[in-house]
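Please find below my comments on the structure, set out as numbered points for you to check against the coordinates.

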Amino acid sequence: MCYDLDTYLLVNLIIPVEENYDLLQNFTQLNYLTEKLFMNVSTDQTLIHQKIYAKELRSLMPPEAFIPDPSKLIILFINLAILILGWMIASRLDSWSPYLLWLYVPLSIVMGNSVVVLLFSTHDLMHGSVIKNLRLIYIISFIGLTMLWMPPTLWKAVHNRVHHNHTNDLGDPDRNYLYKQSSTWGKWIQDLFVPSTEVNPIWFIVGMTSAWGVHTFRNLTSVLFFNHESVDYVPAAFTVSAKDRRAIAGELLMMIVIHLSIIIYLQFEPIKLILGYFLPIAIGYAGVIFYIYTNHLLCPMTNVNDPLINSVSLRVYKIFDLLHLNFSHHTEHHIFPGMNSDYYVMVRDLLETQYSEKFNLLDAGEAWYLLLKTPRHYKDENTLTDWSGKKSVPCPTSDS
C-alpha cells in the first residue's frame, strides 16, 4: 500500500479501523484516511486482500491442488542423501591427486543445489502441503533446515506467522530497511551486501554467499537475546513465546552439534572442508538468496496484504522450476501458502488472465537488473532511497 507512515500510525495505532468503524464514519477527515488505506495512490489500483484472491480463485482450481502430496518427501530425502554421499566422498579427498581435486567441484555444485532444495522442500512441508502429521513435520523440518542454520520453530514464527501475515508492511522482518530506521549493524550489513545501484561488486559476491546467514543470525539473536519488539537491528522485530524461545535455543544447539560432527568427520582438513562443506553451503545460500532478493524488495510496502502488489513472481527456465519446486511462483504462493506447489503454474495462468495489469511477473534477468539499478531503503511506502537519503526512486513495480 502506498500511504505515508503518519497515516499508518494514526489509523493502525490510534484508531484501528475494524474496531472503530462507526467512529470513523462520523469524521470526514478520518473517512478520507480510511479510503487511502484501500488505494494504491501511485497506481490508482484498489488493494485486495490475499483472502479475497484465494476465495475467488479457489473455485477455479481442482480439489487435488489442496490435498497434501507426500511424494515431495522423496525429493527432500534424495537431496539429503546427495549431501551425505558428497561428505563421504570428500572424506577420501586426501587420497586424490592434487591435480584431480577439481573433479570434485561439480559435486560441490550439485550439493549446493541440494541445500537450496532442502530449504524449498521444507518450506512447503511446514506450510502443510506435503503431510499433515505435526510430529513428523517437526522432525523432518529440523533435518531439512539444519544446513540453513534455521531452527524450525523460528522459521514457523518468522515466515509462516509474521511474514505471511505482514507481507512487506512495517511489521515484516523480510522487507527493506526504512531510511528513517537507526543506522545499526544490521542495516549497515544489509546495505553493504544487497543488490542495489550502490553495492560494491566484491561485497555483493560476498553477500550472495552469506546474506542468508546474516538474515538468520539477526532473527536468531533478536529472539534469543532480547525477544522484544524494540530491537532495532532487524527490519522489523517480533517476539515468540517463552516455550518457543526455549525450543529455538535447543534446536540451534542440536544444529551446532550436527555441523561440528560433519566438520569432525572431514577431519578438519582444509581441502575437505572447502570442497565438501563450505563451498556447497556458499553455493546453496547464493541459490536461495537469488530468489529471495526478488520476492519483495522491488515492491511498495502495503498495509492491506495484497500479494499482487507486494510480491513478485519470476519467469525462469523450466529446469529450475522442476528442481526448485516452483519457488519462482512467489505471488502464487502468497495467495495459496498451503497449496501443492505443482499447481502454482495453474494459478499463474489464472492471474495472467484475470489480473494481468496488477500481477508482477518478471523475467529473472529483468528482476535482477531492476535490483541492481535501484537503491535499497524505503524513503516512504512507494519510494526507494540510498543510505544518505538523497535519492528518490519509485519502487519499480509501482506502475506494473
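**Notes on the sheet, the cores and one helix**

1. In this predicted model, four strands make up an open sheet of mixed pairing, arranged in the order β3-β6-β7-β8. The edges are formed by β3 (177-178) and β8 (393-394), each of which pairs on one side only.

2. At the β8 end, strand β7 (residues 383-385) pairs with β8 in the antiparallel sense over two bridges, and Leu384 has Val393 of β8 as its bridge partner.

3. The largest nonpolar core has 74 residues, and those that touch the most other members are Leu119, Met147, Leu148, Trp212, Phe238, Tyr277 and Tyr293. Helix α12 contributes the largest share of this core, with ten residues. Apart from it lies another core, of 17 residues, which includes Ala65, Leu308, Leu351 and Phe359.

4. Trp212 deserves a separate look: once its neighbours within four places in sequence are left aside, Trp212 is in contact with Leu119, Leu148, Met150, Trp155, Tyr285, Val288, Ile289 and Ile292.

5. Which residues of helix α17 (residues 364-372) are buried? They are Ala364, Ala367, Trp368, Leu370 and Leu371, and because they cover an arc of only 160° around the axis, they lie on the same side of α17. Gly365 and Tyr369, on the other side of α17, are exposed.

6. As for what covers the buried residues of α17, the elements include α10 (201-226) and α12 (270-296), together with the strands β4 (313-315) and β5 (361-363). Helix α12 thus appears twice in these notes, as part of this cover and as the source of the largest share of the largest core.

Key: Residues are numbered from 1 along each chain as its sequence is written. This is a predicted model: local features need pLDDT of at least 70, side-chain atom pairs count only at pLDDT 80 or more; totals for chains, interfaces and linings use all residues. Side-chain values use heavy atoms; hydrogens and water are left out. Buried means under 20% relative accessible area, exposed over 50%, partly exposed in between (1.4 Å probe, protein chains only). The arc is that of the directions from the helix axis to the C-beta atoms. Contact means heavy atoms within 4.5 Å. Two strands pair if DSSP finds at least two bridges between them. A nonpolar core is a set of buried Ala, Val, Leu, Ile, Met, Phe, Trp, Tyr and Cys residues joined through side-chain atoms within 4.5 Å.
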